[in-house]
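Grab your viewer and work through the exercises below. Try each task yourself before reading its solution.

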Amino acid sequence: MVNNQTGANLMGSIRHLSATRSYLLTSSYIVGRASGCGLQLASRLVSAEHAAFHWTDSGWTVRDLSSSNGTFVDGRRLEAGERMPLGVGARIAFGDPEDVFEMVEDGPPVALVQTPTGERIEAENGLLFLPNPDAPELILSEDVPGHWFAEAADGERRRVKSGQVIQCAGLSWHLTLPEVHNQTWRTDENRLLLRDIGLRFTVSRNEEYVTIAVVQGGQLVADLPHRAHSYLLLTLARARLADQEPDVPASECGWMYIDSITTMLKITASQLNVLIHRARAQLRRADIAGASDLVERRPSTQQVRLGVSRIELDC
């Protein structure tokens, strides 16, 4: 079973037409008889490592790995080593041209976890919530390209890698992360840094609607539309502004206790953690380097604060 936490299954997948079973594609996905293949097929017509699916900047491809009985795309047998682009509706066969798989989704690979029972959960906007989005004990996020971290509600963070088994909620979750292709990421030298930006908050009269503008040197860089986490950022921004006094060191401005925030916003610590990660993800999608520091933590004191010091309020 696949559980996409966005509610939309866009990640690349193929469906075995005779068995009506679907398979999600990871960045490099091998098909064959060997036990280490992503898709293991028992047919004698299938080679040990028969074919490979790959994700590139332009989409999915399948390549024949010099198989004995051939790889077929839309009825045509590929040459040994030939790579063929794929789109939704493409029909692929391995060894037996009558035993067909169909490409049913062609979205890029995303991070996912799988339980021993076969349940798969896909990332939502670069975030994985374990065991579920409503009450996560761990949230996995990609802070910089290719570097994923698991963060608990108390702020403890640790690096995780593809293939690792993560223990959470009494279950063992097998983690699969997409490969990073350097050409798809801008280097930090060419990206705006968190320390260089300011945030301009626009708040409706009833404070139910908060939009945030990312600015640099007075110029608009990006608009962050209202989201569930917007009021949390506003709350932290007000605390930071209130502390900006001549006798208060910058390092001490804006810290709030988690208990105070959860009481004020009438949410749980787990829900607060989700809002923090969604806020970071929104800024990351705006291509701001260092977005993981948008909300800073002091795990030892259970305090957090807004990681941006240049703040404007338009109420």
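## Confidence first

Over residues 182–188, pLDDT (the predictor's confidence in each residue, from 0 to 100) stays under 50, and the model has nine contacts beyond four places in sequence for them; contact here means heavy atoms within 4.5 Å. This is a predicted model, so local features need pLDDT of at least 70 and side-chain atom pairs count only at pLDDT 80 or more, while totals for chains, interfaces and linings use all residues. Residues are numbered from 1 along each chain as its sequence is written, and side-chain values use heavy atoms, with hydrogens and water left out.

**Exercise 1.** Find the other low-confidence stretch listed here, then put it beside the chain average.

*Solution.* Step one: go to residues 4–9, where pLDDT stays under 50 and the model has 16 contacts beyond four places in sequence. Step two: look at the whole chain, which averages a pLDDT of 89, with 93% of the residues scoring at least 70.

## Sheets and strands

**Exercise 2.** In what order do the strands of the six-strand open sheet run, and which ones stand at the edges?

*Solution.* Start with the vocabulary: strands (E, at least two residues) and helices (H or I, at least four) are DSSP runs, numbered from the N terminus. Two strands pair if DSSP finds at least two bridges between them. Now read off the order, E3-E2-E12-E11-E8-E9, with antiparallel pairing. Strand E3 (21–24) and strand E9 (76–77) are at the edges with a single partner strand each, so one side of each lacks a neighbour in the sheet. Then zoom in on one pair: E2 (residues 13–16) and E12 (residues 100–105) are antiparallel over four bridges. One of the residues to click is histidine 16, whose bridge partner in E12 is phenylalanine 101.

**Exercise 3.** Which residues of strand E15 lie on each side, and are they buried or exposed?

*Solution.* As background, side chains in a regular strand alternate between the two faces of the sheet. Buried means under 20% relative accessible area, exposed over 50%, and partly exposed in between (1.4 Å probe, protein chains only). In E15 (residues 127–130), Leu127 and Phe129 sit on one side, Leu128 and Leu130 on the other, and all are buried. Next, follow the pairing: four bridges join E15 to antiparallel strand E16 (residues 138–144), and leucine 127 has serine 141 as its bridge partner there. Finish at the peptide bond from leucine 130 to proline 131, which is cis, with omega near 5 degrees. Proline 131 belongs to the loop between E15 and E16.

## Cores

**Exercise 4.** Which residues have the most contacts inside the largest nonpolar core, and which element gives the most to it?

*Solution.* A nonpolar core is a set of buried Ala, Val, Leu, Ile, Met, Phe, Trp, Tyr and Cys residues joined through side-chain atoms within 4.5 Å. The largest one has 34 residues, and those with the most contacts inside it are Ile197, Leu199, Phe201, Leu283, Leu294 and Leu306. Elements that each supply at least two residues include strand E22 (198–203), helix H1 (230–242) and helix H3 (269–285). H1 gives the most, with six residues. A second, separate core of 22 residues includes Leu39, Trp60, Ile92 and Phe94.

## A buried arginine

**Exercise 5.** Which side chains make polar contacts with the side chain of arginine 297?

*Solution.* Place the residue: arginine 297 is in strand E27 (residues 295–298). Arginine 297 counts as buried because its relative accessible area is 17%. A polar contact is a pair of N or O atoms within 3.5 Å; within protein, one must be able to donate a hydrogen and the other to accept it, and residues adjacent in sequence count only if both atoms are side-chain atoms. The partners are the side chains of glutamate 151 at 2.6 Å and asparagine 273 at 2.3 Å.

## Odd backbone angles

**Exercise 6.** Where do glutamate 207 and aspartate 287 lie, and what is the sign of phi at each?

*Solution.* Most residues other than glycine have a negative phi. Glutamate 207, in the loop between E22 and E23, has a positive phi of about 60 degrees. Aspartate 287, in the loop between H3 and strand E26 (288–289), has a positive phi of about 70 degrees. Glutamate 207 is partly exposed because its relative accessible area is 30%; aspartate 287, at 25%, is also partly exposed.
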